[in-house]
Amino acid sequence: MLGECGMKKWERLALRKNSVMLLKDLVVDDLLIQCLRQDEVLTENLMERIMAKPTSQGKSSELLVVLPKRGPRAFSSFCSALKATEQQHLCKLLVDFTERDKSFSEPSLSLPTQECVIPVKRARTHESMEMCLDADSPVTNAILPCTPEFYECHQPQAYTMRSCPRGLALVLSNVSFVNTELDLRRGGEVDEETLRRLFTELDFTVIMHKDLTAEAMRMRLEEFALRQDHAEADCAVVCLLSHGVEGSIYGTDGQRLELDSVFGVFDNARCPLLQNKPKLFFIQACRGEEMDIGVDQLDGLERTQTPGCEQRDAGREGDSREREEERDRKRLRVKLPQRSDMICGFATLKGFSTAAMRNTKKGSWFVQELDTAIRQRANNTHLSDILVQVNGRIKSREGYAPGSPYHRCKEMSEFTSSLCKDLYLFPKYYPDNETDAFPR
């Protein structure tokens with residue numbers, strides 16, 4: 001029951017005065033809504049009304065309209081829900097505000113202390129694919145929004161990115177393996193949540209499946225590629241998290257799923273609804289078992305040379321009328337290559353049979369750095385440059401496992417691209433929609 005009294009005035013004031021920050025940073029997802037429903041702050045109808053809003057800011061705005069009317073426990077329940085969904089910085093913002101406005105505190109709102117030292121784990125004798133290491137990891141920040149000025153300046157040369165939602169994101173994650181020699185991927189569940197939150201905040205509709213056999217993974221991918229939702233979307237994302245070897249990832253049954261067959265599911269012939277639209281793939285898996293122990297860096301200039309390749313245009317003789325007719329016929333039957341408009345980020349390098357590093361508490365290095373780089377730079381950087389930054393961050397990391405062969409081990413990520421335009425995500429900007437403002 002909500003009780004007879006409403007939200008206290010300083011709690012309402014805290015929501016109103018911090019509404020700009022809340023609209024900017026708040027992620028309203030299923031977990032947060034379910035927390036409020038469990039505390040009987042929200043009804044089923046209110047849940048549906050909030051989640052029906054098409055944008056992240058729209059959901060946040062609707063929730064902030066509803067909360068002050070939901071009784072005396074609504075504020076404390078909201079703060080608890082923020083903590084449960086790892087949005088402690090917003091919880092602290094609200095609690096600190098109420099304490100400044102009125103001498104008010106409540107034990108249930110106290111924030112957990114942050115660990116300053118990561119304990120050293122006992123070295124493992126053998127792990128076939130990923131190495132579980134405790135190393136430094138990035139801090140999660142809210143995604144910065146794209147400005148209207150940046151959108152107007154860069155959208156003419158970029159892929160269209162204005163649909164709401166932006167598109168569908170599929171996350172297939174294998175953590176537990178049965179009747180195989182493949183180890184439990186400790187920390188893999190952290191990557192699942194990291195990616196779910198990231199793409200939810202980018203206004204993708206996230207679909208998650210966990211612990212699938214190779215055949216079940218193939219079926220989920222094919223079902224995803226055929227979804228009619230792609231027709232109205234501007235982008236699609238596929239994330240695969242598992243053990244792996246060069247060219248394949250493992251299902252929970254120890255069978256392999258070829259990555260080339262995964263990309264083939266989304267080619268221009270088999271997935272026509274995504275033709276000319278960017279398709280993003282992120283593969284968190286090893287490409288072998290060898291440990292990259294690194295090499296000592298020597299002083300000197302680094303030089304990278306990328307050879308160019310010219311393509312000669314072929315012409316044919318004929319008068320101007322015949323050429324014009326030929327151009328008209330070609331316009332009617334424009335052809336596409338079998339596979340295009342894809343970009344794929346890999347946790348490790350091709351051809352080196354190297355293992356991927358994974359922090360047992362905070363997830364894999366690659367997913368951590370991908371999450372951080374997108375959050376920091378998606379508002380003004382195209383995805384190819386973001387993945388270059390991810391490579392740089394991965395290059396600078398080292399394993400921390402004193403006394404084991406994995407101490408100071410290295411990893412190197414890479415990406416491949418057949419993108420034909422700049423790919424900006426233009427986060428939190430919709431030129432065709434106006435977001436409701438928080439009421440005064």
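Mentor: Let's start with a term: two helices are in contact where their heavy atoms lie within 4.5 Å. Keep in mind that this is a predicted model.

Trainee: Happy to. Which residues of H13 and H14 meet?

Mentor: From H13 there are Trp-365, Phe-366, Glu-369, Leu-370, Thr-372, Ala-373, Ile-374, Gln-376 and Arg-377. Their partners in H14 are Ile-386, Leu-387, Gln-389, Val-390, Arg-393 and Ile-394. By class, this contact holds nine nonpolar, three polar and three charged residues.

Trainee: Why is the packing of H13 on H14 given the name it has?

Mentor: Take the value and set it against the cut-offs. The axes of H13 and H14 (residues 383–396) are 9 Å apart, at an angle of about 135°. Angles over 145 degrees count as roughly antiparallel and 65 to 115 as roughly perpendicular. An angle of about 135° belongs to neither range, so H13 is oblique to H14. The crossing of H13 with H14 is right-handed.

Trainee: Now for H9 and H13: what makes their arrangement parallel or antiparallel?

Mentor: The axes of H9 (residues 188–201) and H13 (residues 365–377) cross at roughly 20° and come within 10 Å. Angles under 35 degrees count as roughly parallel, and therefore H9 is roughly parallel to H13. Here the crossing is left-handed.

Trainee: Which residues make that contact?

Mentor: H9 brings Asp-191, Thr-194, Leu-195, Arg-197, Leu-198 and Glu-201, while H13 brings Val-367, Leu-370, Asp-371, Ile-374 and Arg-375. These divide into five nonpolar, one polar and five charged. You may recognise Leu-370 and Ile-374 of H13, listed here and also in the contact with H14.

Trainee: What makes the peptide bond from Cys-164 to Pro-165 cis or trans?

Mentor: Its omega is near 0°, and the bond is cis. Pro-165 sits in the loop that runs between helix H8 (148–154) and strand S2 (167–173).

Trainee: What is the phi of Asp-211?

Mentor: Asp-211 has a positive phi of about 55°, although this residue is not a glycine. Look for Asp-211 in the loop between strand S3 (204–210) and helix H10 (214–225).

Trainee: Last one: how do you know how many cavities to count?

Mentor: The cut-off is 30 Å³ or more, and one cavity meets it. The largest cavity has a volume of about 40 Å³. Its lining includes Val-245, Ile-249, Phe-346 and Thr-348.

Trainee: And how do the lining residues divide by class?

Mentor: For the largest cavity, eight are nonpolar, two polar and one charged. Arg counts as charged, so Arg-287, which is part of the lining, belongs to that class.

Key. Residues numbered from 1 in each chain as written. Predicted model: local features only at pLDDT ≥ 70, side-chain atom pairs only at ≥ 80, totals over all residues. Heavy atoms only, no water. 1 Å grid on protein atoms, 1.4 Å probe; cavity = no way out; pocket = protein on both sides within 12 Å on 5 of 7 lines; lining within 4 Å. Points joined across faces, edges and corners; volume = space filled by probe spheres on them. Axes fitted to C-alpha atoms, helices over the stretch in contact; angles between N-to-C directions. Helix = DSSP H or I, 4+ residues; strand = E, 2+ residues; numbered from the N terminus. Left-handed = near helix turned anticlockwise from the far one by under 90°.
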